[in-house]
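Dear colleague,

I am handing over the structure we spoke about, and I would be glad if you could look through it alongside the notes in this message.

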Amino acid sequence: MAKFEIIMPKLGESITEATITKWLKQPGDTIEEDDPLAEIATDKVDSEIPSPVEGVLKELLFKEGETVEVGKVIALIQLNDEDEAEELEKSKEIPEKDKSSDEKSAEGSTSEPFEAGEASDQSPEIATQGASGRFYSPLVRNIAREEGIGSSELNGIEGSGKEGRLTKDDLLRYLENRSKQATPTKEVKAQASQPGAIPEPIKVKPTPEPRVESGDEVIEMTRLRKLIVEHMVTSRDTSVHVTSVAEFDVTNLVAWREKHKKAFEKREGEKLTFTPIFIWAIAKALKDYPLINSSVSGNNIITRKNINIGMAAALPDGNLIVPVIRNADHKSLLGLAKDVNDLAARARINKLKPDEIQGGTFTLTNLGTFDTIFATPIINQPQVAILGTGSIKKKPVVVETQFGDTIAIRSMMYLSLSYDHRIIDGALGGMALKRMGEYLQNWDINQAV
């Protein structure tokens, strides 16, 4: 009987490897087509690997917790049908030209060469994969061990390799700079004592470890929470955050939704929430102010052609994920509502595909879902802005009429736009925020849905 090879699938455009977090089947188990075989995790999303064939699981080639490159064989399934086996083998054949290019690509994913046998000399305190999910080669781990660099310090060193990997040169450069900072030369000390000299930078003491008292519970961060921590700290250290906040009257919008939501759900089988409406307004404003839909690359600004809006979604375990609605400016309100509901539902049950959380150019975080009035959201790198939408509250407001000012009960909400002050000044940030709010405030109550 023939054996079929289960390979680590390509999980996204920029993903080269994944970690097997759990095997769902064991050798000897009978496998049906589309049965989930394993749970895997990348630095983007968790997912499952389904079996494309029926048969009996013969062998697992990697253990739980091991990181595997895309394209590597991870398991073998014994097929019952010889004809099916022959067809599958034919369908798997890759032209030699493509195969050679794949091999070159795989070779290029390693930041630096290392000699066979180095792996046996690894530092016991530094794992192949750091807490952030970044891969460390045996050579990098060797140098780190010899120089007394621990895992936490290693995770904080910026990498220039593919997908931010830490190369040998990155580590050696870091060590050289650290050595210079630790032992300033006599010349530098002499200069520092001169009038008008720039003082040495103040050494920041490491944050003291909190004491664990009797009765305290210590909870280890999940893999996803560690990634969120790293992402937030990186964003804070990269962008110069400024947040502008403005309040808008959305009474017409609230009345319009209340009028149409039941008929919409009955006709389309979809709930009409505020989120797709917010995304519609954001997409229109980004067309008006393209610099808000951009990224910074060194001394260059990349203005994005596509408007791909990510929406921050809270998961049941308290973590956060940001699925992306691509080309949001080309979609109708109905199309946006379907996309929002579909992505939100699959995010809650961990069924998003890696490509569905990549490529965002702007992010929305709907704070009002949790009755929050407003906040100062952190930019989702490498974007340059993020909008927070607060809860909608009824309150007395002064309204100008042709007969004079009057006080009326209106539905009001705050919008808070955090933006990167390196390229977005307060005037542009304020204008973009105002335009987003105006699209919501001037909603046509007679608009068809």
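What follows is a short account of what was found, beginning with the aromatic rings and ending with a pair of helices.

Please keep in mind that this is a predicted model. The structure holds five aromatic pairs, and one of them is formed by Phe274 and Phe278, whose rings are stacked with 6.0 Å from centre to centre and 15 degrees between the planes. Phe274 has a relative accessibility of 19% and therefore counts as buried, since the cut-off for that word is under 20%; Phe278, at 3%, counts as buried too. Phe274 also has a charged neighbour, in that Arg257 lies over the face of the Phe274 ring, at 4.6 Å from the ring centre.

Elsewhere in the list of aromatic residues, Trp256, Trp280, Tyr439 and Trp443 form one aromatic cluster.

Trp256 leads on to the helices, because this residue of α8 takes part in the contact with α10. Helix α8 covers residues 251-268 and helix α10 covers residues 333-348, and the two pack at an angle of about 70 degrees with their axes 13 Å apart, which means that α8 is roughly perpendicular to α10. On the α8 side the contact is made by Trp256, Phe264 and Glu268, which meet Leu333, Leu334, Ala337 and Lys338 of α10. Sorted by character, the residues of this contact comprise five nonpolar and two charged ones, with no polar residue.

With best regards

Terms used:
Residues are numbered from 1 along each chain as its sequence is written. This is a predicted model: local features need pLDDT of at least 70, side-chain atom pairs count only at pLDDT 80 or more; totals for chains, interfaces and linings use all residues. Side-chain values use heavy atoms; hydrogens and water are left out. Rings of Phe, Tyr and Trp (its six-membered ring) pair if their centres lie within 6.5 Å; planes under 30 degrees apart count as stacked, over 60 as edge-to-face and the rest as tilted. Buried means under 20% relative accessible area, exposed over 50%, partly exposed in between (1.4 Å probe, protein chains only). A charge sits over a ring if NZ of Lys or CZ of Arg is within 6 Å of the ring centre and within 35 degrees of the ring normal. Axes are lines fitted to C-alpha atoms, for helices over the stretch in contact, and angles run from 0 to 180 degrees between N-to-C directions. Helices (H or I, at least four residues) and strands (E, at least two) are DSSP runs, numbered from the N terminus. Angles under 35 degrees count as roughly parallel, over 145 as roughly antiparallel, 65 to 115 as roughly perpendicular and the rest as oblique. Contact means heavy atoms within 4.5 Å. Ala, Val, Leu, Ile, Met, Phe, Trp, Tyr, Cys and Pro count as nonpolar, Asp, Glu, Lys and Arg as charged, and the others, Gly among them, as polar.
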